[in-house]
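Me: I should like to learn how to read the features of a protein model. May we go through them in turn, with the general idea followed by the case at hand?

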Amino acid sequence: MIKRFFLYIICISAFTSAFGFEPADSTASIIDRLNSHPSVSINIPNGLPDRLIQAPEQATEEETHQSTANHRVGYRVLAFDDNTPSTAQHAAQARKQQIASRFPEFAVYVQFNSPYWRVKVGDFRTRSDAENALAAIRQAFPQFSSQLRIVRDRINTSK
């Protein structure tokens with residue numbers, strides 16, 4: 001067993017040294033690393049923007065917060081989630097009708113993201129607002145309790 005282990009180590013080290021494998025330099029760009037290999041040549045056309053061949057920059061915390069605010073990220077209550085092809089669409093529409101008739105103050109959305117049909121309730125800016133709505137829906141429809149949960153989602157803030 002030990003002899004086999006050492007044989008593997010010797011084979012791997014011989015293979016890597018024969019083919020010139022080196023640890024990747026994390027600071028070098030992919031273009032620089034490929035151009036440094038003797039059998040690879042990359043020709044970059046004139047006029048190609050540098051941003052297309054450079055590594056992407058990391059977003060700052062402030063930029064991340066601004067893009068989140070611009071996308072109107074908030075909370076909704078997920079009230080239905082199913083992927084049964086024959087029944088999910090009809091069941092989602094029925095669930096939407098039940099919730100919308102009991103809670104007209106909340107917007108109710110039916111979404112299809114293949115293969116899932118989902119019903120989401122509300123456009124809540126804070127998690128506490130979503131938790132209050134979740135409690136009200138759970139009290140009105142205890143039979144839905146197993147599917148009710150709060151999810152982060154893009155919300156409409158036109159109200």
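Me: With which side chain does the side chain of Asp-153 make a polar contact of 2.9 Å?
Reply: A polar contact is read from the distance between a nitrogen or oxygen atom and a suitable partner. In this predicted model, the side chain of Asp-153 makes such a contact with the side chain of Lys-120, at 2.9 Å. A further polar contact, of 3.3 Å, joins the side chain of Asp-153 to that of Arg-76.

Me: Where is Asp-153 placed, and is Asp-153 buried or exposed?
Reply: Asp-153 belongs to strand β4, which covers residues 149-154. Its relative accessibility is 17%, so Asp-153 counts as buried, the limit being under 20%. Leaving out residues up to four places away in sequence, Asp-153 touches Arg-72, Val-73, Gly-74, Tyr-75, Arg-76, Gln-111 and Lys-120.

Me: What can be said of the partner Arg-76, and is Arg-76 buried or exposed?
Reply: Arg-76 is found in strand β1. With a relative accessible area of 3%, Arg-76 is buried. Besides the contact with Asp-153, a polar atom of the Arg-76 side chain lies 3.3 Å from the backbone oxygen of Arg-154.

Me: How should I read the order of helices and strands along the protein chain?
Reply: One lists the elements from the N terminus on, which here gives α-α-α-β-α-β-β-α-β. The protein chain has five helices and four strands. Of contacts between residues at least 6 apart in sequence, 64% join residues at least 24 apart.

Me: Which residues touch the most other members of the largest nonpolar core?
Reply: The general idea is that nonpolar side chains tend to be buried together in soluble globular proteins. The largest nonpolar core here has 22 residues, and those that touch the most other members are Val-77, Ile-99, Val-121, Phe-124, Ile-137 and Leu-148. Two or more residues of this core come from each of β1 (73-82), α4 (88-102), β3 (116-124) and α5 (127-140).

Me: What is Leu-148 in contact with, apart from its neighbours within four places in sequence?
Reply: Leu-148 is in contact with Val-77, Leu-78, Ala-79, Leu-134, Ile-137 and Arg-138. Val-77 and Ile-137 are, like Leu-148, among the residues that touch the most other members of the core.

Me: How many aromatic pairs are there, and why is the pair of Phe-103 and Phe-106 classed as it is?
Reply: A pair of aromatic rings is described by the distance of the centres and the angle of the planes. The count is five aromatic pairs. The rings of Phe-103 and Phe-106 have centres 5.6 Å apart and planes at 25 degrees, so this pair is stacked, the limit for stacking being under 30 degrees. Phe-103 is buried, at 5% relative accessible area, and Phe-106 also counts as buried, at 19%.

Me: Which residues do the ring pairs link into a cluster?
Reply: The cluster consists of Phe-103, Phe-106, Phe-124, Phe-141 and Phe-144. Charged side chains lie over two of these rings: Arg-95 is over the face of Phe-144, 3.7 Å from the ring centre, and the charged end of Arg-102 sits over the ring of Phe-103, 5.0 Å from its centre.

Me: How far apart are Ala-140 and Arg-102, in sequence and in space?
Reply: The two kinds of distance are to be read separately. Ala-140 and Arg-102 are 38 residues apart in sequence, and their C-alpha atoms are 8.0 Å apart in space. Ala-140 lies in helix α5 and, at 28% relative accessibility, counts as partly exposed. Not counting residues up to four places away in sequence, Ala-140 touches Arg-102 and Phe-103.

Me: Is Gln-97 buried or exposed?
Reply: Gln-97, in helix α4, has a relative accessible area of 53% and is exposed. For the protein chain as a whole, buried residues make up 22% of the 159 residues.

Me: Which peptide bond is cis?
Reply: Here one reads the angle omega. The bond from Ser-114 to Pro-115 is cis, with omega near 5 degrees. Pro-115 lies in the loop between β2 (108-113) and β3.

Conventions: Residues are numbered from 1 along each chain as its sequence is written. This is a predicted model: local features need pLDDT of at least 70, side-chain atom pairs count only at pLDDT 80 or more; totals for chains, interfaces and linings use all residues. Side-chain values use heavy atoms; hydrogens and water are left out. A nonpolar core is a set of buried Ala, Val, Leu, Ile, Met, Phe, Trp, Tyr and Cys residues joined through side-chain atoms within 4.5 Å. Buried means under 20% relative accessible area, exposed over 50%, partly exposed in between (1.4 Å probe, protein chains only). Contact means heavy atoms within 4.5 Å. Rings of Phe, Tyr and Trp (its six-membered ring) pair if their centres lie within 6.5 Å; planes under 30 degrees apart count as stacked, over 60 as edge-to-face and the rest as tilted. A charge sits over a ring if NZ of Lys or CZ of Arg is within 6 Å of the ring centre and within 35 degrees of the ring normal. A polar contact is a pair of N or O atoms within 3.5 Å; within protein, one must be able to donate a hydrogen and the other to accept it, and residues adjacent in sequence count only if both atoms are side-chain atoms.
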